[in-house]
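Thanks for coming. I will go through one structure today, mostly how its helices pack and where its rings sit. Please have a look at it first.

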Amino acid sequence: MGVPAMAADPLSEKAAMMRESLQKSQTITDSVVSILGSFDHRLSALETAMRPTQIRTHSIRKAHENIDKTLKAAEVVLAQFDLSRQAEVKILKGPHEDLKSYLEAINQLRRNIEFFGSIKGFKSSDGVINHANSLLTKAISKLEEEFKQLLSSYSKPVEPERLFDCLPNSLRPSSGSPGLGDSGGKHHNPSEHQNSSLENVVYTPPTLIPPRVLLLLRDLAVQMVQAGHQQQLVRNYRDVRSSVLEESLRKLGVEKLSKEDVQKMQWEVLEAKIGYWIHYMRIAVKLLFAGERNVLDQLFEGFDSLSDQCFAEVTTSSVSVLLSFGEAIANSKRSPEKLFVLLDMYEIMRELHTEIETIFKGKACSEIRESALGLTKKLAQTAQETFGDFEEAVEKDATKTAVSDGTVHPLTSYVINYVKFLFDYQSTLSQLFQEFEKGDDSGSQLASVTMRIMQALQTNLDGKSKQYKDPALTHLFLMNNIHYMVRSVRRSEAKDLLGDDWVQRHRRIVQQHANQYKRNAWGKVLQILSVQGLASSGGGSTVGADGGNSSGVSRAMVKDRFKIFNTQFEELHQKQSQWTVPDTELRESLRLAVAEVLLPAYRSFAKRFGPLVENGKNPQKYIRFSAEDLERMLGEFFEGKNVNEPKR
């Protein structure tokens, strides 16, 4: 069906209107797009126009930042230059006015050198560093001079009196004695000397350099070490301190003696010098060397090897002087009297061993330690060899000094005193025996050595006794000497070591010789007083039983017996009054032993046969002595009277 005409027209109009509106919108859109496109173009143009300005602004900001950094760096560099100038001014003035500021200036120079060495691209760095190094070299050179001058100013020899004040009371010289008093060896006062060495005494080394000065020297030394001037530092310290140390020892009395000097000395002089040497060693090690080590340990704290090297160089000369004397003694010709001083010297070296090892520590001091130990061993060896020599010398002693009176021989008293002194060295000898014979009991070794010496003495005395033509004097001599040995042993420490068996055995030997003396001296006399051989040969007067005598006894024979007795007794009295028994108790005992056999025999003979003579002519010509006369005269025996003395 067709659309009415009226309805179609409004629809067409609306469609036309919509088309027109759409066309307008498209036009507007196109216009907006066109406008926006134009704006975008203008913006791009504006951006293009502004870009150079932005770049310039960023560059300016960066430039400002770089300028700030450069200015700050310049300020630091200028500050370092300023510090360098200040340090230079202080260094050019020298260390005398203000040492602390001088040391700070050196430290500042080192910091400046480090600073300029770390800057890259700074053209003037090399010049600045070279100038600073040159200045630093001069500064250290001045420091060396200041170190040496300061050390020299406060390094003075230590006076002996000051050293004595540092000793324990027991080792200080007495107020009235010059120097160090006696020689200190045991042969003068053995027990006292040994006790002093065993005391737990304290030694206080002297202060060699004031503490405040030592602190300054320490600061100087640190700077020199940091500058690499260690050896110059050691040399400067050695040059000053070694001569001061030597002078301290010289003032004390230490002499530089060669081996030849020692060999030429008389024994008495040498013995005294050895005694002093023992004191010098103790003072040197415990006071002077210990004091020097204290200084160096503070001066070179933290630089141990440098301290050891310096100490070795300072002390080497002084140690050498002391040890060379000991070595000269240890290597000199051996003789028995040297044994005790060798033991004294060995003892002091043993006493100082630990301190020497401690004070002379480190590799640099190894030679000194070895020298000291070598001397100790050499002294021990020489002492032991001297010991052996003594035993042999006692046995083979060929002294022609005869003791005409049969008294104690000088060799006996010498050997016994020697043995007694050995016991004052028991602890020292124990150490000495252990040096050579490990594991053996030192006490039994000493006992064995003592017994061998005693036996050697007896063997020698037996030989000497054969020089006497009179057997009675031979036995009197042996009795005296062995009695002296026994008595000395009983009164000394040797008794504990040799034992009661030794004492009792040798007392029996003394008694045996006393009996042999009586038999040889009085046997013939007692034979004269016996009845044997008095029977009458048939001639002359006889006395019968009423006279109390055996019948048939010849008066002539009785007279003859009395005459012979008188002659023999007078000879014995004259001779044996010159003989000597030095021990009072032994002398009285021997006289009593003679009287106990002689007087009863004489009384018996005189009573029995005296009347035969008394009834004849001149009886006093034959019976010259009463028993009391004989007893009185026996009291004059063994007194060692001079031959030319008149008889009583």
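A definition before anything else: an axis here is a line fitted to C-alpha atoms, for helices over the stretch in contact, and angles run from 0 to 180 degrees between N-to-C directions. Two packed helices are described by the angle between their axes and the distance between the axes.

Now the housekeeping. This is a predicted model, in which local features need pLDDT of at least 70 and side-chain atom pairs count only at pLDDT 80 or more, while totals for chains, interfaces and linings use all residues. Residues are numbered from 1 along each chain as its sequence is written, and side-chain values use heavy atoms, with hydrogens and water left out.

The overall picture. The protein chain holds 21 helices and two strands; helices are DSSP runs of H or I with at least four residues, strands are runs of E with at least two, and both are numbered from the N terminus. Of its 648 residues, 42% count as buried. Buried means under 20% relative accessible area, exposed means over 50%, and partly exposed is in between, with a 1.4 Å probe and protein chains only. Of the contacts in the protein chain with a separation of 6 or more, 81% are between residues 24 or more positions apart. A contact means heavy atoms within 4.5 Å.

I will use helix α10, residues 304-330, as the reference. How do the axes of α10 and α12 cross? They come within 10 Å and cross at roughly 10°, and α10 and α12 are therefore roughly parallel to each other. The cut-offs are under 35 degrees for roughly parallel, over 145 for roughly antiparallel, 65 to 115 for roughly perpendicular, and oblique for the rest. On the α10 side the contact includes Ala312, Thr315, Val319 and Leu323, and on the α12 side Ile368, Ala372 and Leu375 are among the residues. Sorted by type, the contact of α10 with α12 has eight nonpolar, five polar and two charged residues. Nonpolar covers Ala, Val, Leu, Ile, Met, Phe, Trp, Tyr, Cys and Pro; charged covers Asp, Glu, Lys and Arg; the others, Gly among them, are polar.

Next, helix α7, residues 230-252. Its axis and that of α10 come within 9 Å and cross at roughly 30°, which makes α7 roughly parallel to α10. From α7 the contact includes Leu233, Val234, Tyr237 and Arg241, and from α10 it includes Leu306, Cys310, Glu313 and Val314. The residues of this contact of α7 with α10 divide into nine nonpolar, seven polar and four charged.

Helix α9, residues 267-299, runs the other way. The axes of α9 and α10 come within 11 Å and cross at roughly 175°, so α9 is roughly antiparallel to α10. That contact of α9 with α10 has 16 nonpolar, four polar and five charged residues.

Two residues fill in this region. Phe325 sits in α10 and is buried, at 5% relative accessible area. Leaving aside neighbours within four places in sequence, Phe325 is in contact with Leu257, Val262, Leu270, Lys273, Ile274 and Trp277. Ala364 lies in the loop between α11 (339-359) and α12 (366-396), and is partly exposed at 37%. Not counting residues up to four places away in sequence, Ala364 touches Asp308, Gln309 and Ala312.

Last, the rings. How many aromatic pairs does a search of the whole structure find? It finds 22. Rings of Phe, Tyr and Trp (its six-membered ring) pair if their centres lie within 6.5 Å; planes under 30 degrees apart count as stacked, over 60 as edge-to-face and the rest as tilted. One pair is Trp522 with Phe569, tilted, at 6.1 Å centre to centre and 45° between the planes. Trp522 is in helix α18 (residues 500-528) and Phe569 in helix α19 (residues 555-576), 47 residues apart. Trp522 is buried at 1%, and Phe569 is buried at 0%.

Ring pairs link these two into a cluster with Tyr517, Phe565, Tyr602, Phe625, Phe637 and Phe638. Phe638 lies in the segment after α21 (627-634) and is buried at 1%. Phe638 has a positive phi of about 65° although it is not a glycine. Most residues other than glycine have a negative phi.

That is all I have.
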